[in-house]
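Hi,

Here is the structure I promised to pass on to you. Have a look at it first, and then read my notes below.

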Amino acid sequence: LFDTVTVFMEDENEEAVFRIVTTLRQNPLEGLISKESPVGGALLGHKVGDTVHIQVNDRYGYDAKIVKIEKGPDDEDLPITKY
């Protein structure tokens, strides 16, 4: 939790960077994804070199290879998402 993860998405031939945060601090437009989201849930517990399957909904999913993980501290300064 609070780590920054770089993944390579083979279907799109590009990298994406995500920071895994709590649901209260999620902001997908800023790359802050919830640990309960499809991406966050798929990444948790894996290591560099692992390929994970991200199931977005019943009909669509994709694979992503974990390229880099940067350990991050709990950042209490991240804003809480407004509902």
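Let's start with a small puzzle: does F2 count as buried or exposed? F2 counts as buried, because its relative accessibility is 7%, and the cut-off for buried is under 20%. You'll find F2 in the segment before β1. There is something else to look at there: F2 has a positive phi of about 75°, although F2 is not a glycine.

Before going on, please keep in mind that this is a predicted model. The mean pLDDT of the protein is 89, and 90% of its residues reach 70 or more. Among the elements, strand β1 (residues 4-9) has the highest mean pLDDT, at 96. The lowest mean belongs to strand β3 (residues 32-34), at 92.

**The overall picture**

What is the protein built from? It has one helix and five strands. If you walk along from the N terminus, the order of the elements is β-β-β-α-β-β. The radius of gyration is 13 Å, close to the 12 Å that the globule rule gives for 83 residues, so the protein is as compact as a globular protein of that length. Along its principal axes, the C-alpha trace spans about 35 × 30 × 20 Å.

How much of the protein is buried? Of its 83 residues, 34% count as buried. The accessible surface comes to about 5,600 Å², and 51% of that belongs to carbon and sulfur atoms. As for contacts, take those between residues at least 6 apart in sequence: 38% of them join residues at least 24 apart. On the charge side, there are 9 positive and 16 negative charges, and their mean positions are 4 Å apart.

**Back to the start of the chain**

Now for D3, whose place is also in the segment before β1. At 12% relative accessibility, D3 counts as buried. Which residues does D3 touch, not counting those up to four places away in sequence? The answer is F18, R19, I20, I69, E70, K71 and G72.

I69 in that list is a good one to follow up. D3 and I69 are 66 residues apart along the chain, yet their C-alpha atoms are separated by 6.7 Å. I69 lies in strand β5 (residues 61-70). Looking from the I69 side, and leaving aside neighbours within four places in sequence, the contacts are D3, T4, V5, H46, K47 and V48. I69 is partly exposed, with a relative accessible area of 28%. For another pair, try I69 and D11: they are 58 residues apart along the chain, and their C-alpha atoms are separated by 21 Å.

**Two loop residues**

Remember the positive phi of F2? N13 has a positive phi too, of about 55°, and N13 is not a glycine either. N13 lies in the loop between β1 and β2. Is N13 buried or exposed? N13 is exposed, because its relative accessible area is 60% and exposed means over 50%.

The other loop residue is T23, which lies between β2 and β3. T23 is partly exposed, with a relative accessible area of 29%. The C-alpha atoms of T23 and A42 are separated by 15 Å, and these two residues are 19 apart along the chain.

**One more strand residue**

Last on my list is H53, in strand β4 (residues 51-55). At 43% relative accessibility, H53 counts as partly exposed. Which residues is H53 in contact with, leaving aside its neighbours within four places in sequence? They are A42, G61, Y62 and D63. You can also check H53 against V39: these two are 14 residues apart along the chain, and their C-alpha atoms are separated by 8.7 Å.

If you open the structure yourself, a good place to begin is D3 and I69, whose C-alpha atoms are separated by 6.7 Å. After that, you could compare the place of F2, in the segment before β1, with that of N13, in the loop between β1 and β2.

Cheers

Key:
Residues are numbered from 1 along each chain as its sequence is written. This is a predicted model: local features need pLDDT of at least 70, side-chain atom pairs count only at pLDDT 80 or more; totals for chains, interfaces and linings use all residues. Side-chain values use heavy atoms; hydrogens and water are left out. pLDDT is the predictor's confidence in each residue, from 0 to 100. Helices (H or I, at least four residues) and strands (E, at least two) are DSSP runs, numbered from the N terminus. The radius of gyration is taken over C-alpha atoms; the globule rule is 2.2 Å times the number of residues to the power 0.38. Buried means under 20% relative accessible area, exposed over 50%, partly exposed in between (1.4 Å probe, protein chains only). Contact means heavy atoms within 4.5 Å. Accessible areas come from the Shrake-Rupley method with a 1.4 Å probe; for residues, only the protein chains shown count as cover. Lys and Arg count as positive and Asp and Glu as negative; His and the chain ends are not counted. The place of a charge is taken as NZ of Lys, CZ of Arg, CG of Asp or CD of Glu.
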